[in-house]
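Let's take a walk through a protein fold together, going from the overall layout down to single residues. Have your viewer ready and follow along.

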Amino acid sequence: MATHVMPKGAPPKPQLVPKQDNDWSKPAAMAIPKEGYFKFEQGTYGPIFPRTPACYGFTIIAKLKPGREAAMRSYANTVETALQGDPYFLAPLKLHYLKWVLFDIGNDKYFMYQGIFDTDFDKYTEDAVVLFRTTGIDTAFENLEGFPADWKTNTSAFVKFVREHQCPSFLEYGEYPYFASDEIKKALKIKAALAEMLEQMQ
(Lines give C-alpha, C1' and ligand atoms only; values in the text may rest on other atoms or scores of the structure.)
Protein backbone atom coordinates (compact mmCIF):
# COMPACT_ATOMS: atom_id res chain seq x y z
CA MET A 1 0.00 0.00 0.00
CA ALA A 2 1.41 3.42 -0.93
CA THR A 3 1.66 6.07 1.72
CA HIS A 4 1.79 9.82 1.25
CA VAL A 5 5.00 11.32 2.62
CA MET A 6 4.86 14.96 3.70
CA PRO A 7 7.87 16.98 2.53
CA LYS A 8 10.32 18.05 5.24
CA GLY A 9 9.39 21.32 6.84
CA ALA A 10 5.82 21.25 5.49
CA PRO A 11 3.20 22.46 7.98
CA PRO A 12 0.89 19.80 9.44
CA LYS A 13 -2.42 19.36 7.70
CA PRO A 14 -5.10 21.34 9.58
CA GLN A 15 -7.72 19.27 11.38
CA LEU A 16 -11.13 20.23 10.11
CA VAL A 17 -14.09 20.09 12.46
CA PRO A 18 -16.65 17.67 10.99
CA LYS A 19 -19.90 19.25 9.84
CA GLN A 20 -22.74 18.74 12.29
CA ASP A 21 -26.10 18.71 10.54
CA ASN A 22 -27.86 17.62 13.75
CA ASP A 23 -30.14 15.24 11.82
CA TRP A 24 -31.07 12.73 14.52
CA SER A 25 -32.60 10.34 11.96
CA LYS A 26 -29.22 9.50 10.40
CA PRO A 27 -26.67 7.62 12.54
CA ALA A 28 -23.30 9.39 12.63
CA ALA A 29 -19.75 8.82 13.80
CA MET A 30 -16.93 11.25 14.53
CA ALA A 31 -13.22 10.42 14.47
CA ILE A 32 -11.48 12.61 17.04
CA PRO A 33 -7.78 13.66 17.06
CA LYS A 34 -5.48 12.38 19.79
CA GLU A 35 -5.69 15.71 21.66
CA GLY A 36 -9.45 15.30 22.10
CA TYR A 37 -10.33 18.39 20.05
CA PHE A 38 -10.02 19.64 16.46
CA LYS A 39 -8.77 23.15 17.16
CA PHE A 40 -7.63 24.62 20.44
CA GLU A 41 -10.15 26.88 22.14
CA GLN A 42 -9.41 27.98 25.70
CA GLY A 43 -12.17 27.31 28.20
CA THR A 44 -12.32 28.14 31.90
CA TYR A 45 -10.04 25.26 32.90
CA GLY A 46 -8.38 24.16 29.66
CA PRO A 47 -9.22 23.23 26.06
CA ILE A 48 -12.87 23.00 25.08
CA PHE A 49 -13.81 19.51 23.94
CA PRO A 50 -16.26 19.17 21.03
CA ARG A 51 -19.84 17.98 21.00
CA THR A 52 -19.99 14.67 19.15
CA PRO A 53 -22.83 12.50 17.78
CA ALA A 54 -22.94 10.98 21.30
CA CYS A 55 -23.29 14.52 22.78
CA TYR A 56 -20.64 15.38 25.39
CA GLY A 57 -18.88 12.98 27.72
CA PHE A 58 -15.66 11.79 29.22
CA THR A 59 -13.79 8.72 30.39
CA ILE A 60 -11.86 9.09 33.64
CA ILE A 61 -9.31 6.44 34.62
CA ALA A 62 -7.61 6.72 38.00
CA LYS A 63 -5.88 4.48 40.52
CA LEU A 64 -7.91 3.35 43.51
CA LYS A 65 -6.49 3.96 46.97
CA PRO A 66 -5.32 0.67 48.55
CA GLY A 67 -8.08 -1.13 50.43
CA ARG A 68 -10.89 1.05 49.00
CA GLU A 69 -12.52 -1.40 46.58
CA ALA A 70 -15.37 -2.29 48.95
CA ALA A 71 -16.00 1.40 49.67
CA MET A 72 -16.09 2.20 45.95
CA ARG A 73 -18.48 -0.66 45.21
CA SER A 74 -20.76 0.33 48.09
CA TYR A 75 -21.00 3.82 46.61
CA ALA A 76 -22.91 2.31 43.68
CA ASN A 77 -25.57 1.28 46.23
CA THR A 78 -25.57 4.83 47.59
CA VAL A 79 -26.37 6.24 44.15
CA GLU A 80 -29.01 3.59 43.50
CA THR A 81 -30.71 4.31 46.84
CA ALA A 82 -30.58 8.07 46.28
CA LEU A 83 -32.33 7.66 42.92
CA GLN A 84 -34.98 5.41 44.46
CA GLY A 85 -35.72 8.18 46.94
CA ASP A 86 -35.58 10.92 44.30
CA PRO A 87 -35.60 9.82 40.63
CA TYR A 88 -34.42 13.30 39.66
CA PHE A 89 -31.44 13.30 42.02
CA LEU A 90 -28.93 13.43 39.12
CA ALA A 91 -31.09 15.61 36.84
CA PRO A 92 -28.80 18.69 37.11
CA LEU A 93 -26.05 16.69 35.37
CA LYS A 94 -28.13 16.18 32.19
CA LEU A 95 -26.87 12.62 31.90
CA HIS A 96 -27.69 10.10 29.20
CA TYR A 97 -25.65 7.23 30.60
CA LEU A 98 -23.15 6.54 33.34
CA LYS A 99 -20.88 3.51 33.64
CA TRP A 100 -18.39 2.60 36.37
CA VAL A 101 -15.77 -0.14 36.00
CA LEU A 102 -13.07 -1.49 38.35
CA PHE A 103 -10.16 -3.35 36.78
CA ASP A 104 -6.64 -4.51 37.59
CA ILE A 105 -3.31 -3.39 36.20
CA GLY A 106 -0.66 -5.57 37.80
CA ASN A 107 -1.31 -5.56 41.53
CA ASP A 108 -3.18 -2.24 41.47
CA LYS A 109 -6.89 -1.59 41.15
CA TYR A 110 -8.13 1.12 38.79
CA PHE A 111 -11.47 2.86 38.40
CA MET A 112 -13.02 3.92 35.10
CA TYR A 113 -15.86 6.45 35.01
CA GLN A 114 -17.65 6.85 31.69
CA GLY A 115 -20.38 9.42 31.28
CA ILE A 116 -22.40 10.79 28.37
CA PHE A 117 -24.21 14.07 29.02
CA ASP A 118 -25.63 17.20 27.38
CA THR A 119 -23.56 19.96 28.99
CA ASP A 120 -19.92 20.62 28.21
CA PHE A 121 -17.04 18.95 30.04
CA ASP A 122 -16.34 21.67 32.60
CA LYS A 123 -19.98 22.55 33.35
CA TYR A 124 -20.72 18.90 34.06
CA THR A 125 -17.89 18.80 36.61
CA GLU A 126 -18.93 22.11 38.19
CA ASP A 127 -22.55 20.93 38.41
CA ALA A 128 -21.39 17.68 40.03
CA VAL A 129 -19.57 19.60 42.78
CA VAL A 130 -22.68 21.71 43.47
CA LEU A 131 -24.91 18.62 43.43
CA PHE A 132 -22.86 16.68 45.96
CA ARG A 133 -22.29 19.74 48.11
CA THR A 134 -26.03 20.48 48.36
CA THR A 135 -27.22 16.88 48.82
CA GLY A 136 -24.60 15.99 51.42
CA ILE A 137 -23.56 12.87 49.50
CA ASP A 138 -19.82 12.63 48.97
CA THR A 139 -18.31 11.74 45.62
CA ALA A 140 -16.94 8.28 44.89
CA PHE A 141 -13.80 10.04 43.65
CA GLU A 142 -12.69 10.37 47.29
CA ASN A 143 -11.56 6.74 46.94
CA LEU A 144 -9.08 7.68 44.20
CA GLU A 145 -5.40 8.50 44.62
CA GLY A 146 -4.57 12.18 44.20
CA PHE A 147 -8.15 13.40 44.51
CA PRO A 148 -8.20 16.78 46.31
CA ALA A 149 -9.41 16.61 49.91
CA ASP A 150 -10.82 20.16 49.63
CA TRP A 151 -12.97 19.40 46.54
CA LYS A 152 -16.16 20.73 48.15
CA THR A 153 -14.71 24.24 48.41
CA ASN A 154 -12.20 24.06 45.57
CA THR A 155 -14.05 23.39 42.32
CA SER A 156 -11.00 24.15 40.18
CA ALA A 157 -9.03 21.39 41.96
CA PHE A 158 -11.86 18.92 41.24
CA VAL A 159 -11.92 19.91 37.56
CA LYS A 160 -8.10 19.73 37.39
CA PHE A 161 -8.19 16.16 38.71
CA VAL A 162 -10.84 15.15 36.18
CA ARG A 163 -8.95 16.74 33.28
CA GLU A 164 -5.66 15.12 34.30
CA HIS A 165 -7.31 11.68 34.34
CA GLN A 166 -9.45 12.15 31.22
CA CYS A 167 -8.72 9.73 28.36
CA PRO A 168 -10.13 11.34 25.19
CA SER A 169 -12.14 9.16 22.81
CA PHE A 170 -10.90 8.80 19.25
CA LEU A 171 -14.29 7.66 17.92
CA GLU A 172 -17.80 8.45 19.08
CA TYR A 173 -21.00 7.18 17.46
CA GLY A 174 -24.64 8.11 17.84
CA GLU A 175 -27.58 6.08 16.53
CA TYR A 176 -29.68 9.25 16.97
CA PRO A 177 -26.87 11.86 16.92
CA TYR A 178 -26.88 15.16 18.80
CA PHE A 179 -30.22 14.36 20.48
CA ALA A 180 -30.40 15.80 24.02
CA SER A 181 -31.74 13.71 26.89
CA ASP A 182 -34.65 16.11 27.44
CA GLU A 183 -35.58 15.78 23.76
CA ILE A 184 -35.52 11.99 24.03
CA LYS A 185 -37.77 12.05 27.09
CA LYS A 186 -40.13 14.48 25.36
CA ALA A 187 -40.37 12.16 22.33
CA LEU A 188 -41.08 9.20 24.60
CA LYS A 189 -43.85 11.15 26.37
CA ILE A 190 -45.45 11.93 23.00
CA LYS A 191 -45.18 8.26 22.03
CA ALA A 192 -46.84 7.20 25.29
CA ALA A 193 -49.62 9.77 24.83
CA LEU A 194 -50.27 8.60 21.27
CA ALA A 195 -50.33 4.95 22.37
CA GLU A 196 -52.86 5.80 25.10
CA MET A 197 -55.02 7.74 22.63
CA LEU A 198 -55.01 4.87 20.13
CA GLU A 199 -55.89 2.42 22.88
CA GLN A 200 -58.89 4.52 23.92
CA MET A 201 -60.08 4.70 20.31
CA GLN A 202 -60.28 0.90 20.03
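What follows is a tour of the layout, the sheet, the core and a few residues in loops.

Please keep in mind that this is a predicted model. Its mean pLDDT is 89, and 90% of the residues reach 70 or more. The N-terminal end is another matter: residues 1-14 have a pLDDT below 50, and beyond near neighbours in sequence this stretch has three contacts in the model.

Let's begin with the inventory. The protein contains four helices and five strands. Reading from the N terminus, you will meet them in the order β-β-α-β-β-α-α-β-α. The chain has 202 residues, of which 34% count as buried. About 13200 Å² of the protein is exposed, and carbon and sulfur atoms supply 57% of that area. How much of the contact set comes from residues 24 or more positions apart? Among contacts with a separation of 6 or more, such pairs account for 66%.

Now turn to the sheet. Three strands make up an open sheet in the order 2-4-3, with antiparallel pairing. Strand 2 and strand 3 (95-105) stand at the edges with a single partner strand each, so one side of each has no neighbour in the sheet. From one strand to the next, the twist averages 10°.

The two pairings in this sheet are easy to trace. Strand 2 pairs with strand 4 (residues 108-117) in the antiparallel sense over eight bridges. Along that pairing, Tyr56 stands opposite Phe117 in strand 4, and Phe58 stands opposite Gly115. On the other side, ten bridges join strand 3 to strand 4, again running antiparallel. These two strands form a hairpin with two residues between them, and Gly106 in the turn has a positive phi of about 65°. Ile105 stands opposite Asp108 in strand 4.

Helices come next. Helix 1 (residues 69-85) lies across strand 3 and strand 4 and runs at about 165° to strand 3. Helix 2 also packs on the sheet, where it touches strand 2, strand 3 and strand 4; its direction makes about 65° with that of strand 2.

With these pieces in place, we can look at the nonpolar interior. The largest nonpolar core has 33 residues, and those with the most contacts inside it are Phe58, Phe141 and Leu144. Strand 2, helix 1, strand 3, strand 4, helix 2 and helix 3 each supply at least two of its residues. Which element gives the most to this core? That is helix 2, with six residues. Phe58 is a good place to stop and look around: leaving out residues up to four places away in sequence, its contacts include Tyr113, Gly115, Phe117, Phe121, Tyr124 and Val162.

Two further strands pair with each other. Strand 1 and strand 5 run antiparallel and are joined by four bridges. In this pairing, Ala31 stands opposite Leu171 in strand 5. In a regular strand, the side chains alternate between the two faces of the sheet. Strand 5 shows this alternation: Glu172 and Gly174 point to one face and are buried, while Leu171 and Tyr173 point to the other and are not.

Finally, let's visit three residues in loops. Is Thr139, in the loop between helix 2 (121-135) and helix 3 (155-164), buried or exposed? Thr139 counts as buried because its relative accessibility is 6%, under the 20% cut-off. Beyond its neighbours within four places in sequence, Thr139 is in contact with Tyr75, Phe132, Phe147, Trp151 and Phe158.

The other two stand out for their backbone. Most residues other than glycine have a negative phi. Cys55, in the loop between strand 1 (28-31) and strand 2 (56-63), has a positive phi near 75°. At 2% relative accessibility, Cys55 counts as buried. Tyr178 sits in the loop between strand 5 (171-174) and helix 4 (181-201), and its phi is positive too, near 65°. Tyr178 has a relative accessibility of 8%, so it counts as buried.

Technical notes
Residues numbered from 1 in each chain as written. Predicted model: local features only at pLDDT ≥ 70, side-chain atom pairs only at ≥ 80, totals over all residues. Heavy atoms only, no water. Buried < 20%, exposed > 50% of the residue type's maximum accessible area, 1.4 Å probe, protein only. Contact = heavy atoms within 4.5 Å. Areas by Shrake-Rupley, 256 points an atom, 1.4 Å probe, with all protein chains shown as cover. Pairing = 2+ DSSP bridges. Axes fitted to C-alpha atoms, helices over the stretch in contact; angles between N-to-C directions. pLDDT = per-residue confidence, 0-100. Core = buried A, V, L, I, M, F, W, Y, C linked by side-chain atoms within 4.5 Å.
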